[in-house]
Amino acid sequence: MGKAHLGIEHGLARIKAGVRLLVVVLALAPLSGAAFEKIALIDSYDFAHCNDIETNEGVDEIIDFAMKTGCETMLWRNQGAGNMRHPSAENPTLEDPLERWRTSSATLYGWTRLQSCATNHLAYALASLAQRGVRTGIHHTMEECHWNMFSSLSRWNFDHPQCWSQCRGGQPWPGMCAISHPETVAHRLRLLDEILAMGGGDTFFFDTFRDGRWSAAFECTPEMRAKWKARFGEEPPENP
C-alpha cells in the first residue's frame, strides 16, 4: 500500500510539472497562427518530487521530459525567489539562525540546496542543452521573496536592511530591496555577471510579473521621494 501510494504521488507530481510546462509553451504561442518560436520555461523545483534535481542525471531527465513538448528554446530558472540555483559568491544561501523565519510549503524544498550540491546545477543545464542543439537562456524573476514576507529571502537582503523597500509612511517592507537604491541595482548586475561567466545561454528573460507582491507603493524610499519632488515640485501621490 505504501509503495502504491508513493507511485501515485510520484505520477501526480510529474503530471503537474508537465501541465505547467505545456501551459507555458502554449501561452507563448501567438493566436494569429503566424510562425512562432516555441519556448519552454523550466523551473526545476517543479520536478523535485520526481527527479533528483541535485544531480546531473536529474537535470537530464527534466530536459528529456521537456523536449517532448517540441520546444526550440529552453529558459532555465536561475533562482527561486532569493535562493540562487548555482554557487554564488554574490548571494550565498542563507544558512544561519535567521533560517527559522523562512517558510516553505514542502519539506523537500527546504532540504534542497542547489548552491552546494555536487554539481553546478545551472551551468550543467545550460551546457547539456547546448550539446543537444537547443537554444538556451535564463528565466530570471524580479522577486526576492516567494509571495509572503519571509519565504526564501536572500542573504544579500538580510545583510542590507538599509536597502529594504519602504511604504509611504516610512514602514519598511523587507520583501525586496528597493530598486531605487544604487546598491540594489549594482547587486543585481553582479548576479548577472555570475550567470554570464557560466556561459549565460543565448537569451535572458527578466520576468517582472513574478515580483513577490512588490509594487511601486513599496518604492517610497527617501531617495525616490527626493527625485520625485525635484522633478515635479511636490510630494509623491498618496496612491502611486
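Which side chain of opposite charge is nearest to E219, and how far away is it? I started there, keeping in mind that this is a predicted model.

**Entry: E219**

I found E219 in the loop between β8 and α7 (222-232). The nearest side chain of opposite charge is R188, 8.3 Å away. E219 is buried and has no salt bridge. I then looked for what its side chain does contact. It reaches the backbone nitrogen of I179 at 3.1 Å. I also noted a polar contact of 3.1 Å between the side chains of E219 and S180.

**Entry: the pocket with I179 and R188**

I179 and R188 turned up again in the lining of the second largest pocket, along with H140, V185, L189, L191, L192, I195, F204 and F206. I get about 170 Å³ for the space in this pocket. Helix α6 gives the most to its lining, six residues, and β8 (203-207) supplies at least two. By class I have eight nonpolar residues, one polar and one charged.

**Entry: cavities**

I looked for enclosed space next and got two cavities of 30 Å³ or more. The largest has a volume of about 70 Å³. Its lining runs to 13 residues, and Q79, E143, E144, R188 and L191 lie nearest the centre. Helix α6 (residues 182-197) has the largest share here too, with three residues. The class split is four nonpolar, six polar and three charged.

**Entry: salt bridges**

How many salt bridges does the structure hold? I count nine, and I wrote up three of them.

R85 pairs with D43, with the closest N and O atoms 2.7 Å apart. They are 42 residues apart in the chain, R85 in the loop between β4 (83-84) and α3 (107-111) and D43 in the loop between β1 (39-42) and α2 (56-67). Both R85 and D43 are buried.

E143, already noted by the cavity centre, meets R77 in a salt bridge at 3.7 Å, N to O. E143 sits in the loop between β5 (135-141) and α5 (155-159) and R77 in strand β2 (residues 73-77), so this pair ties together parts 66 residues apart in sequence. I checked burial: E143 has 1% relative accessibility and counts as buried, and R77 is buried at 2%.

E235 and R225 meet at 2.8 Å, N to O. R225 is in helix α7 and E235 in the segment after it, ten residues apart. E235 is partly exposed, with a relative accessible area of 36%, and R225 is partly exposed at 22%.

Last note: D43, R77, R85 and E143 are joined into one network by salt bridges that share partners.

Conventions
Residues numbered from 1 in each chain as written. Predicted model: local features only at pLDDT ≥ 70, side-chain atom pairs only at ≥ 80, totals over all residues. Heavy atoms only, no water. 1 Å grid on protein atoms, 1.4 Å probe; cavity = no way out; pocket = protein on both sides within 12 Å on 5 of 7 lines; lining within 4 Å. Points joined across faces, edges and corners; volume = space filled by probe spheres on them. Helix = DSSP H or I, 4+ residues; strand = E, 2+ residues; numbered from the N terminus. Nonpolar A, V, L, I, M, F, W, Y, C, P; charged D, E, K, R; others polar. Buried < 20%, exposed > 50% of the residue type's maximum accessible area, 1.4 Å probe, protein only. Lys, Arg positive; Asp, Glu negative; His and termini not counted. Salt bridge = Lys/Arg side-chain N within 4 Å of Asp/Glu carboxyl O. Polar contact = N/O pair within 3.5 Å; in protein donor to acceptor, adjacent residues only side chain to side chain.
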